Amino acid sequence: MSQARIGQDFLTQYCRRLKGLGADLTINHHLSMHFAHFIKLFGPVYGWWLFAFERFNGLLEKVHVNGHDGGRMELTLLRHWVQSHLVYEYVLSLPENAHPMEREYVDKIIKSEGRSERGGMMAELAIYRSEATTDAVKLPRIVGKEIDLRDYLGPGTGRLYRLALDYCRKLYPALHLIDDFSSDAGTLFAACKVARALPYIRKHGIRYGSTANRRTKADSYAFITDTASSRRYPVEISALLGFKVQDNAPHICAVIRRFKDAENLPAFPWDL
């Protein structure tokens, strides 16, 4: 709560200065005076913000409706929403052995709808369909230079190298990877030669960035699913890395930090 109170103090000073300059304040300025109270009641903002709902409203605004009353407009919106999600789920679950005609028909629907509905659900499907690969991950055209894992995230972050080494040891057990400061026998895991920084990746048509990249920092939040418990957890993506060890195929991974909630905070929706 200390950070929330500090932020609330800055917002208060901001609104007072605006008022002193004679600027007109809006309802959002008034609502900002209650943020600390809301955080105390409901927990971290990411647990109850409405960005996802605003995006869905934006998608519905792009639907062409006839404007008739009596529920016709609502029915059109509902049909479009259900159709988009059915197609989306169908594309994600399309089996590898699907008939070519079936794939061609789905692509035809997505492309035709995407051209007439830029920014809508079908356009997003078209992006996903064009970018989908066997592992559903698409890399940027320009990949960053090789980085030094010992100080990539700033001074005192040498633990990233140890995390990367332990992770790659599990990926490539036959290589017997060793620390680049070690004199043991094995394959050297050079801190400045095995990894490249990625500005972002796209998975299922959705872009994910990282806090390590200034331009994609806004896309650095996501959910991960624990395969053991099937529970979802909110995380911050600290870095996106591409590893290339020996002659093995490049491997993409994300360095994440999991958000933690205090015991006295309400349960999040995914915990219900």
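In this predicted model, F243 stands opposite H251 in strand β9. This pair is a convenient place to enter the structure, and the account below moves outward from it.

Strand β8 covers residues 232-243, and β9 covers residues 251-258. The two strands run antiparallel and are joined by 8 bridges. Between β8 and β9 lies a loop that contains Q246. Although Q246 is not a glycine, its phi is positive, at about 55°. Q246 counts as partly exposed because its relative accessibility is 47%, a value in between the limits of under 20% for buried and over 50% for exposed.

Strand β8 also pairs with other strands. With β7, which spans residues 221-225, β8 forms 5 bridges in an antiparallel arrangement. Within this pairing, F223 has P234 of β8 as its bridge partner. The hairpin of β7 and β8 has 6 residues between the strands, and S230 in this hairpin takes a positive phi near 65°. A further antiparallel pairing, of 3 bridges, links β8 to β4, residues 195-197. Here A197 stands opposite L241 of β8. Is strand β8 largely enclosed by the rest of the structure or left open? Of its 12 residues, 11 are buried, and β8 is therefore largely enclosed by the rest of the structure.

The nonpolar interior can now be considered. The largest nonpolar core contains 20 residues, and those with the most contacts inside it are L149, L177, F189, L241 and F243. Two or more residues are given to this core by each of α8, β4, β8 and β9. The largest share, 5 residues, comes from α8. The surroundings of F243 give a closer view: leaving aside residues up to four places away in sequence, F243 touches several residues, including L149, A164, C168, F189 and V194. H251, the residue opposite F243 in β9, is also among the residues that F243 touches. There is a second, separate core of 7 residues, which includes V137, L198, I201 and L240.

Another part of the model holds an open sheet of 3 strands, in the order β1-β5-β6, with antiparallel pairing. Strands β1 (137-138) and β6 (206-208) stand at the edges; each has a single partner strand, so one side of each is left without a neighbour in the sheet. Strand β5, residues 201-203, pairs with β6 over 3 bridges in the antiparallel sense. One example is R202, whose bridge partner in β6 is R207.

Two further sites lie outside these sheets. The loop between α8 (159-171) and β2 (177-179) contains H176. This residue, which is other than glycine, has a positive phi near 55°. Is H176 buried or exposed? H176 is exposed, because its relative accessible area of 56% is over the 50% limit.

The last site is on the surface, where I27, L31 and F35 form a nonpolar patch with about 270 Å² of accessible area together. F35 belongs to helix α3, residues 35-42. Its relative accessibility is 37%, and F35 therefore counts as partly exposed.

Technical notes: Residues numbered from 1 in each chain as written. Predicted model: local features only at pLDDT ≥ 70, side-chain atom pairs only at ≥ 80, totals over all residues. Heavy atoms only, no water. Patch = residues over 30% accessible without salt bridge, like charges linked within 9 Å, V, L, I, M, F, W, Y side chains within 5 Å. Areas by Shrake-Rupley, 256 points an atom, 1.4 Å probe, with all protein chains shown as cover. Salt bridge = Lys/Arg side-chain N within 4 Å of Asp/Glu carboxyl O. Helix = DSSP H or I, 4+ residues; strand = E, 2+ residues; numbered from the N terminus. Buried < 20%, exposed > 50% of the residue type's maximum accessible area, 1.4 Å probe, protein only. Pairing = 2+ DSSP bridges. Core = buried A, V, L, I, M, F, W, Y, C linked by side-chain atoms within 4.5 Å. Contact = heavy atoms within 4.5 Å.
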